[in-house]
Amino acid sequence: MSTAVPPTIVPPSADPVRRRRARPGSTLWRYLVVRFFLIFPTVFILVTMVFFLMRITGDPLTVALGGKLPPDQLAERIHAAGYDRPITVQYLEFLGQVFTGNFGKSITDGQSISTLLISHGTATLELAFYALIVAFIVGIPLGMVAAYFRDRWPDAVLRVFAILAYATPVFFAGLLLKLVFSVWLKVLPVAGRASTRTEINLHSLHHSTGIYLIDAFQTGDPANVADVLSHAVLPGLALGLLTAGIFLRLVRTNVIGTLSRDYVDAARSRGVNEFRLVRKHALKPALIPIITVIGLQIAVLLGGAVLTETTFEWKGLGFELAYYLSKRDFVAVQGIVALLAVIVALTNFIVDIVAALIDPRVRY
Amino acid sequence: MSDVVEIRELEVTFATDGGDVVAVDKVSLSVTAGEVLAIVGESGSGKTVTAKAILGLLPETAVTRGAIVLNGTDIVGLTGARLRAIRGVDVAMVFQEPSLALNPVYTVGWQIAEGLRAHGTSTRREARARAIDMLGRVGIPEPEKRVDYYPHQFSGGQKQRVVIAMALVLDPELIVADEPTTALDVTVQAEILDLLRRCRDEFGTAIILITHNMGIVADLADRVAVMYQGTIVEDGAAVDLFARAQHPYTQKLLAAVPRLGAGAARAVARAKERSATSSAPVVSAHDLRIEYPGRIGVKPFVAVDGVSFTISPGEVLGLVGESGSGKTTIGRAIGGLTRITGGSLEVFGHEMLGVKERSFRPARNQIGFVFQDPASSFNPLLTIAECVAEPLIVHGRAADPRAARPRVNDLLEAVQLPRAYGDRFPHELSGGQRQRASLARSLALEPSLLIADEPTSALDVSVQARVLELFAELQKEFGFAALFISHDLAVVDMLADRIAVMYQGKLVEEGTGAQVLGNPRDPYTQRLLASLPVPDPAEQAVRRERLRSLREADHP
Amino acid sequence: MVTSIPTVAPRGTTWWRKLPVVHQLRQSVGLQRGMLVTGLVITGFFIVVALFAAVIAPYGFNELRNAEGLFGSQQPPSAQHLLGTTAGGYDVLSRVIWGTQTAFEVIIVALLLSFFVGVFLGLVSGYIGGWLDRVLIVIADAVYAFPSLLLAIVAAIVISGGQSSLWGGVFAAAISITAVFIPQYFRVIRAETIRIKAEPYVESAKVIGASNGRIMFRHVLRNATRTLPLIVTLNSSEAILTLAGLGFLGFGIEPTSAAEWGYDLNKSVSDVTSGIWWTSVFPGLAIVLVVLGVTLVGESLNDLADPRLRTRRKADVAPSTTAESSVVPDGSLDEVAHIDELET
């Protein structure tokens, strides 16, 4: 992202005199501020694009209910909802909604979209969290191992694993896992976030967070925790392995890249052993590009979440999105997509900041 | 005599796409304690490969044979822990590019301590104390504070000092320094060479110095080995070698080194010829100022600050300065590649302040430009003939490359390239050949002004000599005016009628070669001149003393 | 392309050795060659299947019956139906084979569309710069950061009106995927253009007085597009996955107009719960294999293009007693000497 890359990736031609003149820390603050304001155009562009693209197909009511209601009733509802006003007015109103987080009600089932975003957003967050754990635990160490053994058999095995993890669509991975563990071996539940009994327990909590794992701990009943975790294994693996494959390739390529640098040779020339060269000297400089790219993978993760949730009937944003899409309820779709846009922009911001913090050239 | 290292019949073979290449062929060498051995050679001579072989740092595509005996251990064939035990303790390395040899995300203190840690000799506290001590000894001010700095907080010369500290920390008996000053400016180079001399004198370390620069050899080396195409052609004491070179290659190499003061006589003769015709200058700058805009909130960087000069028709102006002095920016501004932000710059009567590309374009056929890097100044997908024909086609002198070919052939002949080379692609030519083709392209329209931006700095000495000679011949034949930009005073002296010296965006001194080199008035010019090592050990020792007294005068 | 392409390599080598994939194949050694060859074989196999789907497939993609009557739904694999039948009563093997054709059709249309639009925009934006560039890059960055599948869905809704397919499923799907890829090509070409713009050979063209158009098309364009074969391969695999994702969510191609793996997988979700595996496993495996093949090719090309990642053959060690390979402890795995490589 040319706009979102830490300033160090700017060609090193930047004059040394000028760099030395900058006061310590000032570069970082300037970068933070500039980077923060870049969130807004990103969200704005995405939201605008989605709004107008959806409207090309007509007003949401006609799309959702056309043919199901008599024309006069439909016209009445269109008028009541304000869809006969000029598109610019509606657009401004929509921007206001995005800003205040109040998206009105869905067309097909009259649910408050904001409530829906909150309740289902937490579910997606939880799934993404499980997947990221799998991805980090599997992807990053294995990427280092592959780089260490580059072009020997462990590397070959790991690379094929990474490509397979990427080549398998999450929904197919999900179906296979289900088939093996739920249907044939019958060790793990088929779908859902928890069994009905546990869900009742969780919802009766006074301070329900919406994140089942936390809620299950709150109940103090190990059976609830076990139930929630057993439901999380398969979706977490399906989505996590996809992301792990991407991380593995990313770490491998970047670490191999830094391993060929002079400073690694310099450390080698002083007797530092090969494993430490990978773990210390090559990994940390490689982390800066890795983290930037990981930020971009959030998009892949969210796209994958839509498919995973559909496969496992995991009642999150993706599951709802697929549902409302099939109902052609574009008011609800708009709301969900707008929230996803905000999440993407925010995570990218955070990731860029982390990358900048790792890089001493930005910090000082 | 106790040999620190003895290399016997070393042979290194690389696998490449074009088959196996023998990079080092039966090389035998030895270095005794406290001795500086310089291995001299041009690119491809195998000198760097030899250096890396001593530390076992060659890539996996290389196969090494022979023996490298370090303190009684043959390291050829050693792997794993046994090789690591030797690295850093018996032999350490100083790299060419200090900014690449330091890890950007760790503090220099951590990196210096890393060598100690690898050999498990000291605690964290001891390692840190040792790092601070080492930094102080290599001449880093305030080492207690700077030990926690990151590499980017040091200047280029300081970075090289840190790299040397990293090499010295385990007290090795031998340091292999691979072109340790090539990436540095000449004034900084003198300081680093002093430091290396101190390593030998104070620490008693033997040094293998890899270099292509005969001046550096004369400055530092006790003994010299000359490498050519993988073999050692001559080996002997430095004093003897410079006085009585035996091998023809060594003689040729020494003859190719540009020497200060050689151009003065020629310039006088040329000035006589020219004074008959005096006309309007082709370029005149008055109070020229060029700024590069900063990012939001950063002050713009002033690259050129109030510079005035003129270039008369047929005159060669040499522009000298170190990196960041603004010399290249001036060349680019005359070529219309960089906008000027203040003062006045007239090129063939066009005022460049606020000039429109459209109105300047007609003047472009009077300007030729030769770039620094011959590797990237040709479109890799076009043949040499197509590249040379470009200016002819653009200015409507030929319809297509085919129609331009006769003229292209003439041009190639003028720069002494065979016609058939026109059908080759740029990557199939050597650096020197490409730079000659670049001259041919810049001369295609018979320009009245040629701008040459460090045209020989990427070339080997012997190749550089031929290109410079060619440049002088062509200049005589075509009579163009030229702006010759270089960091090397000796190179500029060979060609220029007048020399201008730039320092930090300002023009500090201007005059004929005799004036500027014979009797420099500006302290910076004096220092620059004194820093330039000359290929003669005796004379260089005298110059070194002069530089020391100059420096002491600067900082009493 | 504006100029005559110098495909004929100078002196000695035949022209086909310079072709993108062939050239890299000859360059590669050891494991990397193994990966590239495997990838090429898998991809080649599926291309053949796609081309001759009509000959290979036992039934049509939308056939429900033959002379002996209806196939019946969810029939397990048998001599009649080697891979069984789906819940909708189609022959699984035939659907998988015809699906290959659909996948390749969609990839080709999508890549062609995004290629031309993305390359043109990237070139202009990168070369001219200024506010146009700034606006375009902010838009492209925003779109690039957004989940590509969601973007494809939105595009699919717009194109097919959210209702019936207007232009035929393949085109609708292809254009949806195009919307995702244009920003990618744009970014790559723009970055390359900006890099090349600062190269001395472009500056030398500028000094000569060449017009912007001439510089852009003669000097920048062809050099900027050198990495494209690689991106095209990597994108093809992404295109297949996006198409499958669209199909799985019900935005793909109707079973009556073409066979599409994602759609079939969608219909098999409920089968899995009841233990019927053949309806999901085979179309799923087809996706995995095609993506695997194409990605292997792309990754190998990527490795070979990057000097840091490329493995080089070790020097041939003449049989001598001391000739232990001193630098690599046990790196003999890919130490195969390729005789055909030595002739160049």
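Angles under 35 degrees count as roughly parallel, over 145 as roughly antiparallel, 65 to 115 as roughly perpendicular, and whatever is left as oblique. Keep that in mind for the close-ups below, which come from a predicted model.

**View 1. Helix α9 of chain A meets helix α12 of chain C.** Here we look at a helix from each of two chains: α9(A), residues 170-184, and α12(C), residues 278-305. Their axes come within 10 Å and cross at roughly 140°. That angle falls outside the ranges for parallel, antiparallel and perpendicular, so α9(A) and α12(C) are oblique to each other. The crossing of α9(A) past α12(C) is left-handed. On the chain A side, the contact is made by A:Phe172, A:Leu175, A:Leu176 and A:Leu179. Facing them from α12(C) are C:Ser280, C:Val281, C:Gly284, C:Leu285 and C:Val288. Sort these residues by class and you get seven nonpolar, two polar and no charged ones.

**View 2. Chain A against chain C, with a salt bridge across the interface.** Now step back to the whole interface between these two chains. On one side 57 residues of chain A take part, in contact with 60 residues of chain C. Together the two chains bury about 5,100 Å², and 76% of that is on carbon and sulfur atoms. How many salt bridges cross the interface of chain A and chain C? There are two. To pick out a salt bridge between these chains, find the side chains of A:Arg159 and C:Glu299, which meet at 3.0 Å, N to O.

**View 3. Helices α3 and α16 pack together within chain A.** This view stays inside one chain, with α3 (residues 39-56) packed on α16 (residues 330-358). Their axes sit 9 Å apart, at an angle of about 160°. Because that is over 145 degrees, α3(A) is roughly antiparallel to α16(A). As for handedness, α3(A) passes α16(A) in a right-handed crossing. Residues that α3(A) brings to the contact include A:Ile39, A:Val43, A:Leu46, A:Val50, A:Met54 and A:Arg55. From α16(A), the partners include A:Phe330, A:Gln334, A:Val337, A:Ala341, A:Ala345 and A:Phe349. By class, the contact of α3(A) with α16(A) has 16 nonpolar residues, two polar and one charged.

**View 4. Helices α8 and α9 side by side in chain C.** The pair here is α8(C), residues 200-208, and α9(C), residues 212-224. The two axes come within 11 Å and cross at roughly 175°. With an angle over 145 degrees, α8(C) is therefore roughly antiparallel to α9(C). C:Tyr201, C:Val202, C:Ala205 and C:Lys206 of α8(C) meet C:Ile215, C:His219, C:Val220 and C:Asn223 of α9(C). That gives five nonpolar, two polar and one charged residues in the contact of α8(C) with α9(C).

**View 5. A salt bridge between two strands of chain B.** Side chains of opposite charge can pair when their charged atoms come close. In this close-up, B:Arg289 and B:Asp305 do the pairing, 2.9 Å from N to O. They link distant parts of the chain, 16 residues apart: B:Arg289 is in strand β11 (residues 283-292), and B:Asp305 is in strand β12 (residues 301-311). Over all chains, a search of the whole structure finds 51 salt bridges.

**View 6. Loop residues of chain B with a positive phi.** Neither residue shown here is a glycine, yet B:Asp171 has a positive phi of about 55°, and B:Gln504 has one of about 50°. Where does B:Asp171 sit? Look in the loop between α7 (156-168) and β7 (174-178) of chain B. B:Gln504 is in the loop between β19 (498-503) and β20 (506-512) of chain B.

Notes: Residues numbered from 1 in each chain as written. Chains lettered and ligands numbered in written order. Predicted model: local features only at pLDDT ≥ 70, side-chain atom pairs only at ≥ 80, totals over all residues. Heavy atoms only, no water. Axes fitted to C-alpha atoms, helices over the stretch in contact; angles between N-to-C directions. Helix = DSSP H or I, 4+ residues; strand = E, 2+ residues; numbered from the N terminus. Left-handed = near helix turned anticlockwise from the far one by under 90°. Contact = heavy atoms within 4.5 Å. Nonpolar A, V, L, I, M, F, W, Y, C, P; charged D, E, K, R; others polar. Buried area = accessible area lost by both parts, 1.4 Å probe. Salt bridge = Lys/Arg side-chain N within 4 Å of Asp/Glu carboxyl O.
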